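Let's take a walk through this model together, starting with a single residue and working outwards. Keep the sequence and the 3D view open as you read.

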Amino acid sequence: MEYINIALAKGRLARETIDLLSEVGIQFNGWSEKSRKLIFEEAEHKLKIVLVKANDVPTYVEKGAADVGIVGKDTLLEKAADVYEIMDLGFGKCKFAVAGLNQVHLASYHKLTVATKYPNVAKDHFYKKGIAVDTIYLNGSVELAPLMGLSDVIVDIVETGRTLKENGLKVIEDITDISAKLIVNKASFKTKSERIHQLVNDMRNVLAAKGEGERAGTYQS
Ligand code: PRP
């Protein structure tokens, strides 16, 4: 039997997924957050998890290097990938928001400068509102941009809201809710159909029993 490879976004989503798999009865015994290993195997069910950067999860799955991926909707919205988005996992919940120093009237800007790690999400949001923007790509600490005069506002992820608060910024408007998604390679969905369906249904049932994720019955195999 061939292995099913699952690409996980390193960090919290990987931890939550490994916990969920353990509740399904799949234990990655060698896994530890402190380990520098990037691949872990579970021989009984022939599953492998590979730990990659969030942005690379869709790439691994689209190219078929991984059959399945677990990644935030934020990553999928920013970087379109030719994969099947199968299931909402109900964890990794946060939102995209526009934030700034004050409750500014966004439409009053001739051209709004937006700092973000998510330029496509930002452009799409403001395009739909008919507001002209210049986006400035930043790799992180995006909240600094309005404080340093680099941008008028930011588009970023808000989870607890602490980073905004501790830097004196406020949410101006929400864009969309985000949570973790399970994605599947299109060819694997056919060639390893039975085992992927089984895995998805087992995960869905555990989540449904906890009142998380999608309601049972949303996904039909
Ligand atoms: C993310 C995001 C915000 C913060 C939001 O940053 O870009 O800065 O988390 O979380 P909060 O609402 O709970 O404060 P991340 O931790 O990934 O670091 P980064 O600034 O390097 O991107």
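Contact here means heavy atoms within 4.5 Å. What you are looking at is a predicted model, and lysine 48 is a good place to try that definition out. Leaving aside neighbours within four places in sequence, lysine 48 is in contact with Tyr3, Ile4, Asn5, Ile6, Phe28, Ile39, Phe40 and Glu41. You will find lysine 48 in strand E3, which runs over residues 47-52. Its relative accessible area is 22%, and because buried means under 20%, lysine 48 is classed as partly exposed. For a sense of distance, pick leucine 106 as well: the two residues are 58 apart in sequence, and their C-alpha atoms are 47 Å apart in space.

Just before that strand sits lysine 46, in the loop between strand E2 (39-42) and E3. Its backbone deserves a look, since phi is near 55 degrees, a positive value in a residue other than glycine. Lysine 46 also counts as partly exposed, at 24% relative accessibility.

Now zoom out to the whole chain. The protein has 221 residues, and 45% of them count as buried. Its secondary structure comprises 8 helices and 11 strands. Computed along nothing but the principal axes, the C-alpha trace spans about 60 × 35 × 35 Å. Among the contacts with a separation of 6 or more, 67% join residues that are 24 or more positions apart. The accessible surface comes to about 11700 Å², with 47% of it belonging to carbon and sulfur atoms.

How many aromatic pairs does a search of the whole structure find? There are 2. In one of them, phenylalanine 96 and tyrosine 118 meet edge-to-face, with 4.8 Å from centre to centre and 75 degrees between the planes. This pair links distant parts of the chain, 22 residues apart: phenylalanine 96 belongs to strand E6 (residues 94-100), while tyrosine 118 is in the loop between strand E7 (112-116) and helix H4 (119-129). Both partners count as buried, phenylalanine 96 at 0% relative accessibility and tyrosine 118 at 9%.

Let's finish at the ligand. Around it are Lys117, Gly140, Ser141, Glu143, Asp156, Ile157, Val158, Glu159, Thr160, Gly161, Arg162 and Thr163. By type, this shell divides into 2 nonpolar, 5 polar and 5 charged residues. Strand E9 (153-158) and helix H6 (162-166) each supply at least two residues of the shell, and E9 gives the most, with 3.

Which atoms approach the oxygen atoms of the ligand? A polar side-chain atom of lysine 117 lies 2.3 Å from a ligand oxygen. An N or O atom in the side chain of aspartate 156 is 2.7 Å from an oxygen atom of the ligand. Glycine 161 takes part through its backbone, with an N or O atom 2.7 Å from a ligand oxygen. Taken alone, the ligand exposes 490 Å², and the protein buries 65% of that.

One member of the shell, serine 141, brings us back to backbone geometry. Serine 141 lies in the loop between strand E8 (133-137) and helix H5 (144-147). Its phi is near 45 degrees, again a positive value in a residue other than glycine. At 54% relative accessibility, serine 141 counts as exposed; that figure takes only the protein chains as cover, so the ligand does not enter into it.

Methods: Residues numbered from 1 in each chain as written. Predicted model: local features only at pLDDT ≥ 70, side-chain atom pairs only at ≥ 80, totals over all residues. Heavy atoms only, no water. Near = heavy atom within 4 Å. Polar contact = N/O pair within 3.5 Å; in protein donor to acceptor, adjacent residues only side chain to side chain. Areas by Shrake-Rupley, 256 points an atom, 1.4 Å probe, with all protein chains shown as cover. Helix = DSSP H or I, 4+ residues; strand = E, 2+ residues; numbered from the N terminus. Nonpolar A, V, L, I, M, F, W, Y, C, P; charged D, E, K, R; others polar. Buried < 20%, exposed > 50% of the residue type's maximum accessible area, 1.4 Å probe, protein only. Phe/Tyr/Trp six-rings, centres within 6.5 Å; stacked < 30°, edge-to-face > 60°.
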